[in-house]
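Colleague: Got a minute to walk me through this one? I'd like to start with contacts.

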Amino acid sequence: MNTDYDVIIVGGGPAALAAAVYTCRALLKTVIFEKQYVGGQLVGTDLIENYPGFPEVISGVDLIQRMEAQARRFGVEIRYEEVMKLQVENGLKIVTTDTGTYGSHAVILAAGAEPKKLGVPGEKELYGKGVSYCATCDGAFFRGKDVVVVGGGDSAITEAIFLTKYANTVNIIHRRGEFRATKIYLDEAMSNPKIKVAFNTIIESIHGQDKVDGIVAQNVITKDKKEMPCQGVFVFIGSVPNTGFLGDLLCVDVGCHIETNIHMETSIEGLYAVGDIRKNSYRQIATAIGEGVTAAIAAEHKLSELRALGKEKKIDLGKTKKED
Ligand SMILES: Cc1cc2nc3c(=O)[nH]c(=O)nc-3n(C[C@H](O)[C@H](O)[C@H](O)COP(=O)(O)OP(=O)(O)OC[C@H]3O[C@@H](n4cnc5c(N)ncnc54)[C@H](O)[C@@H]3O)c2cc1C
């Protein structure tokens with residue numbers, strides 16, 4: 001087992017890179033394991049208007065390149081390995097990737113989440129061309145357009161309200177006969193003249209050549225189908241955190257987000273969760289960054305504590321800390 005690293009970070013999105021800047025600057029030897037490409041969801045994001053410090057829009061790729069360059073400047077090691085398993089033995093976190101096994105007393109989980117998909121024809125093909133999973137991110141591109149929102153929970157209703165700032169009409173399509181969302185949100189949505197609702201309805205397919213131009217919706221009770229012209233389809237039917245590699249270490253249910261305290265620490269000492277993988281995260285770049293930084297500082301404190309207590313054997317060996 002490789003125990004060279006003070007801090008192991010799982011995932012290479014914005015939360016991970018922010019954490020790495022802080023752990024590396026604290027002279028903690030840090031590795032990021034990324035299964036695909038550095039940048040996570042930012043790589044597929046065209047224009048970012050709401051990340052502070054960039055008064056002009058910046059593309060996701062530009063922003064992530066800057067974050068990566070900054071983390072590398074402070075010495076982070078990025079290894080393109082998929083994390084397959086995480087175990088804890090006597091406080092040591094053992095991370096198994098598709099290439100090797102690594103042990104560390106501080107592990108930051110930043111593996112993100114993926115929006116749940118409808119799985120209907122046209123959804124994949126028109127993703128980024130009218131199909132979206134993020135109203136905060138993409139809503140402003142739908143000024144004066146007609147959009148549909150799919151879902152019936154708090155996020156679908158609040159995002160539908162948000163979209164009325166830009167869109168001409170917002171049609172909420174919900175497969176059940178009533179919403180699950182909180183009453184206060186529902187009252188606001190139902191009194192908004194731009195919002196219409198189709199209950200007991202599902203999307204059968206999404207249409208368009210280069211951009212969305214409509215959907216076919218089906219009533220699940222009558223089985224009637226109808227075409228609905230629209231330029232945007234916003235899907236809010238939940239998200240799936242990338243927690244499969246944890247087995248039952250932290251999550252009881254498959255697909256659950258990870259709970260933490262305010263220091264981003266999970267129920268396991270020295271194990272942190274940040275960004276979209278975390279329960280109650282606001283799922284924005286800026287919040288992922290803040291959570292990554294919080295976990296990095298907390299991990300640094302934890303490792304200092306452990307070193308002081310003489311528990312952290314690898315660091316006691318003075319292998320990686322310059323001052324040891
Ligand atoms: C289309 C779109 C547009 C968006 N636009 C905006 C916007 O304008 N502004 C904004 O603030 N937010 C926006 N967001 C949200 C923002 O991108 C996310 O909140 C943010 O990327 C979360 O960062 P993260 O580091 O937690 O996770 P992610 O970005 O999801 O990164 C997680 C990384 O972990 C890797 N990974 C997963 N499992 C493993 C494993 N087992 N082993 C190794 N690596 C693994 C993944 O490959 C990925 O690279 C947008 C999201 C989408 C989808």
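Modeller: Sure. Contact here means heavy atoms within 4.5 Å. And keep in mind that this is a predicted model.

Colleague: OK, so what is Ser 281 in contact with, leaving aside its neighbours within four places in sequence?

Modeller: Those partners are Gly 275, Asp 276, Thr 287 and Glu 291.

Colleague: And where is the place of Ser 281?

Modeller: Look at the loop between β18 (271–273) and α6 (285–309); Ser 281 is there.

Colleague: Is Ser 281 buried or exposed?

Modeller: Buried: the relative accessible area of Ser 281 is 8%, and buried means under 20%.

Colleague: Switching topic, how many salt bridges does the structure hold?

Modeller: Nine. One of them joins Glu 204 and Lys 225, at 2.6 Å from N to O. Glu 204 lies in strand β13 (residues 201–207) and Lys 225 in strand β15 (residues 225–229), so this pair ties together parts that are 21 residues apart in sequence.

Colleague: What about Asp 187, which residue does it form a salt bridge with?

Modeller: With Lys 183, and the closest N and O atoms are 2.8 Å apart. Both residues lie in helix α5, four residues apart, which is about one turn of the helix. Lys 183 is exposed at 57% relative accessibility, while Asp 187 is partly exposed at 41%.

Colleague: Last one: which residues gather in a patch of positive charge on the surface?

Modeller: Lys 116, Arg 175, Arg 176 and Arg 180. Of these, Arg 175 sits in the loop between β11 (169–173) and α5 (183–190), and Arg 175 is exposed, with a relative accessible area of 54%.

How values were computed: Residues are numbered from 1 along each chain as its sequence is written. This is a predicted model: local features need pLDDT of at least 70, side-chain atom pairs count only at pLDDT 80 or more; totals for chains, interfaces and linings use all residues. Side-chain values use heavy atoms; hydrogens and water are left out. Helices (H or I, at least four residues) and strands (E, at least two) are DSSP runs, numbered from the N terminus. Buried means under 20% relative accessible area, exposed over 50%, partly exposed in between (1.4 Å probe, protein chains only). Patches are made of residues with over 30% relative accessible area and no salt bridge: like charges are joined within 9 Å, nonpolar side chains (Val, Leu, Ile, Met, Phe, Trp, Tyr) within 5 Å. Accessible areas come from the Shrake-Rupley method with a 1.4 Å probe; for residues, only the protein chains shown count as cover. A salt bridge is a side-chain nitrogen of Lys or Arg within 4 Å of a carboxyl oxygen of Asp or Glu. Lys and Arg count as positive and Asp and Glu as negative; His and the chain ends are not counted. The place of a charge is taken as NZ of Lys, CZ of Arg, CG of Asp or CD of Glu.
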